[in-house]
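User: I would like to go through this model and ask how each label is justified. Could you set the values against their definitions?

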Amino acid sequence: MKRAAVEIAVLSILAAIPTAAGYVLGPATRAVSQLSSLAGLPFAPRLGFLPLVTSVVLARLYLGRGAALKEGVLLAVTGAVFHPRDLQLRLPRDVMLGLGVELALLKAGNPGSAECLLASLAGGLLSYAPYLLFAPLGAPSAALYAALVLSTVNHLITCAAGGYLAVLVARKLPRLPGFAQRQ
């Protein structure tokens, strides 16, 4: 009973981080995107997605197997409450992020930095699938589909940064007795 209460508390705290950070990172993301387009740069990281990736990887590192998927579902529910537009994309995106991280770390009992980076990239690829699935098909939208595929690079840069940030934070956190061990 105590373990379940601690797990729920940690997952809730981790889900609150992207919500709070979104109020700061949302405007910063728009500013970075505008500056990169003015400078002619083809890529700009999506800073708003960074805390989602970080919280999902942290959940897996801190709580063990199954926690990344639980955190992804919790982020989807919180996202639906705070961002009710584009639910057909946001809900599966967050769940798929958790699923991708969980699948990538399925065999890892005590994942290290490299495994966490790969898991964040796997989660990022899987979380981007809804954007590709909901893209309209046909000749006029081929350019739109190509742009979505190319913007995957931005998404993966953000996911890698989120995974790395999660590793840095996990190294500083104290361990919870009875939960996942970290390197």
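Analyst: What follows takes up the chain, then one helix, then one residue.
This is a predicted model, in which local features need pLDDT of at least 70 and side-chain atom pairs count only at pLDDT 80 or more, while totals for chains, interfaces and linings use all residues. Residues are numbered from 1 along each chain as its sequence is written, and side-chain values use heavy atoms, with hydrogens and water left out.

User: How many helices and strands are there in the chain?
Analyst: The chain has 7 helices and 0 strands, where helices (H or I, at least four residues) and strands (E, at least two) are DSSP runs numbered from the N terminus.

User: How do you know what span is expected of helix H5?
Analyst: The expected span is 1.5 Å times one less than the number of residues; H5 (residues 113-133) has 21 residues, for which 30 Å is expected, and its first and last C-alpha are 31 Å apart, close to that value.

User: Why is Ser 120 called buried?
Analyst: Buried means under 20% relative accessible area (1.4 Å probe, protein chains only), and Ser 120 has 0%, so the label applies. Ser 120 lies in helix H5, where the buried residues also include Cys 116, Gly 123, Gly 124 and Ser 127.

User: What makes up the surroundings of Ser 120, and which residues does Ser 120 touch?
Analyst: Taking contact as heavy atoms within 4.5 Å, and not counting residues up to four places away in sequence, Ser 120 touches Val 53, Val 57, Val 101, Cys 159, Ala 160 and Gly 163. Its side chain also reaches the backbone oxygen of Leu 117 at 2.8 Å.

Conventions. Buried means under 20% relative accessible area, exposed over 50%, partly exposed in between (1.4 Å probe, protein chains only). A polar contact is a pair of N or O atoms within 3.5 Å; within protein, one must be able to donate a hydrogen and the other to accept it, and residues adjacent in sequence count only if both atoms are side-chain atoms.
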